Amino acid sequence: AYWVDLNFGNGTPGFPNGSGENQNWVLGLRGTFIASNAATGFLYPSVQAAVNSATNNYTVFALDNITNELVVSGKTNLTIVANAWLTNGPAALRTLSGVGIGSGFLVSNSEAVTIQGFIVTNFDHGVRFVGATRYHQVLNNLFLSNRVSGIFLDSTMSYITNMSNTVIASWHGILMSYSHHDFAFSNALVGNTNGISVIDGAYSNEVYGNLVYSNFSGIWMSNASTNFVAFNGVSSNYGGLAGPALMVGYGSRDNHVASNTISGPLHWYGIHVYLSSVSNRILSNHLYDNNAGGYAIRVGSANENTIAGNEVRSNGNFSVGIIVNASSMGTRVLGNRVWGSNQDVGIKLDSGARFSTVASNTVFMNRSTGIEIYNCSDNWVISNSVYANAGRGIRTLATPAVYVFWNHIVGNRVWGSGQTNGIVIGLGSMSNDILSNTVTGNLGAGIQLIGATNNLVGSNAVSGNLALGIVLVNASLSNTVTNNLVLQN
């Protein structure tokens with residue numbers, strides 16, 4: 001091992017056994033040599049010199065603070081560690097400080113380099129891995145106020161592990177750019193512009209178990225594919241409309257976003273699947289207490305995505321739990337629980353969404369409507385349980401000169417506990433099917449058509465509602481109402 005001592009003070013002998021037998025001799029060399037080879041007795045004037053001289057399977061210990069960039073090239077199985085961290089833990093990190101440019105550690109064309117126990121500050125990048133480099137580990141470091149990124153995986157080959165680091169006040173906390181098969185586990189990302197960025201063709205990376213909070217945006221994926229983002233805690237990020245808690249956007253495809261916990265009063269979007277992103281799976285996440293007026297989960301201008309098994313609850317006033325809009329096609333919204341008295345609408349299809357399937361969800365206790373189809377067509381709403389919402393259970397509606405048509409509302413159970421109306425087919429709705437639903441115990445009508453034309457209302461069971469079972473008002477014309485069971489309303 002090589003020992004690096006920048007101050008040669010008492011108690012920091014130049015040899016690894018700590019006995020001090022050579023301490024006086026080393027003190028006599030103050031300011032000339034700051035690294036030594038324990039095996040050969042060779043001394044070195046800098047950490048960089050120790051790293052350059054080290055052959056495979058060596059460890060370089062840093063005993064005090066360091067300045068200037070450290071370059072590691074062409075090394076295998078090299079460990080660079082702050083010795084005080086090994087003995088005293090996080091309280092004894094050593095500082096590597098720069099002058100605002102370059103990288104604290106620059107690792108290229110190497111294998112199995114470990115960097116551990118440092119505070120790295122005031123560079124462009126705290127640590128940067130570039131090119132044909134793999135099997136590295138970045139462990140237990142603090143990256144502070146580096147301009148572009150704390151940890152940068154730049155077109156890396158595979159299997160770089162970043163674990164238990166804290167990254168504060170960079171543009172990107174962890175930046176994965178065209179990297180693949182790399183890992184970010186159990187890190188804390190705080191006060192950055194983007195907590196974690198997976199961009200520019202990055203694929204098959206794992207972002208797992210990180211704490212991402214008080215950043216402008218939390219986790220940002222752009223043009224990224226087949227990544228696994230799971231079990232992260234994303235909270236209290238403050239970017240609002242421009243800074244979602246978790247973005248899957250700009251051509252991202254086939255990513256798994258699963259079992260994350262997302263909350264924060266300034267999140268306009270909890271999870272945002274956006275702009276030509278295709279075939280992503282948003283599964284079993286827990287979203288709560290996100291911003292008033294926004295969306296816990298939004299799918300916008302994106303096709304063939306799946307939103308399934310999520311718990312979406314108690315997001316802010318006038319917000320929507322799950323929304324699919326902006327001409328998104330083929331979205332599957334399956335088996336979610338969407339509830340909470342603050343949310344305005346539980347699930348909403350809006351603004352040209354087509355060929356969506358909303359099935360087997362449980363939607364309850366929302367402050368206005370359980371499921372709403374607004375200004376869009378060719379969707380299926382099937383086998384949902386919708387109850388105890390403060391307004392309507394299920395509603396279709398269009399703005400003037402826009403029509404809602406060819407939607408299918410089939411096999412849902414829609415019941416009361418304070419719900420005003422069961423199913424409302426509103427203005428501008430035409431050629432929709434309302435079939436085989438069970439509608440019971442609502443405060444108003446079971447099924448109500450308001451200014452709707454050419455719809456089919458058939459084979460529904462409508463009972464126990466406090467107003468009429470099925471009612472057609474406000475010039476609802478040419479509708480077919482057939483084979484329904486209507487009693488005790």
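**Exercise 1. The nonpolar core**

Find how many residues the largest nonpolar core of this predicted model has, and which of them have the most contacts inside it.

*Solution.* Step 1: the largest nonpolar core has 89 residues. Step 2: those with the most contacts inside it are Phe105, Phe118, Leu246, Ile271, Ile423 and Ile447. Step 3: take Ile423 and set aside its neighbours within four places in sequence. Ile423 then touches Ile394, Ile409, Val414, Ile434, Val439 and Ile447, among others. Its contacts also include Asn437, Gly446 and Gln448. As background, nonpolar side chains tend to be buried together in soluble globular proteins.

**Exercise 2. Strand β36 and its partners**

State how well strand β36 is covered, then identify the strands β33 and β39 by residue range and give the sense in which each pairs with β36.

*Solution.* Step 1: β36 spans residues 320-325 and is mostly covered. Six of its six residues are buried, that is, under 20% relative accessible area. Step 2: β33 (residues 295-300) pairs with β36 in the parallel sense, over five bridges. Here Ile297 stands opposite Ile322 of β36. Step 3: β39 (residues 345-350) also pairs with β36 in the parallel sense, over four bridges. Here Val320 stands opposite Val345 of β39.

**Exercise 3. A surface patch**

Name the residues that make the nonpolar surface patch of about 280 Å², and explain why Phe228 counts as partly exposed.

*Solution.* Step 1: the patch is made by Tyr208, Phe228 and Phe231. Step 2: locate Phe228 in strand β25, residues 228-230. Step 3: Phe228 counts as partly exposed because its relative accessibility is 30%. Partly exposed lies between the cut-offs of under 20% for buried and over 50% for exposed.

Key
Residues are numbered from 1 along each chain as its sequence is written. This is a predicted model: local features need pLDDT of at least 70, side-chain atom pairs count only at pLDDT 80 or more; totals for chains, interfaces and linings use all residues. Side-chain values use heavy atoms; hydrogens and water are left out. Patches are made of residues with over 30% relative accessible area and no salt bridge: like charges are joined within 9 Å, nonpolar side chains (Val, Leu, Ile, Met, Phe, Trp, Tyr) within 5 Å. Accessible areas come from the Shrake-Rupley method with a 1.4 Å probe; for residues, only the protein chains shown count as cover. A salt bridge is a side-chain nitrogen of Lys or Arg within 4 Å of a carboxyl oxygen of Asp or Glu. Helices (H or I, at least four residues) and strands (E, at least two) are DSSP runs, numbered from the N terminus. Buried means under 20% relative accessible area, exposed over 50%, partly exposed in between (1.4 Å probe, protein chains only). A nonpolar core is a set of buried Ala, Val, Leu, Ile, Met, Phe, Trp, Tyr and Cys residues joined through side-chain atoms within 4.5 Å. Contact means heavy atoms within 4.5 Å. Two strands pair if DSSP finds at least two bridges between them.
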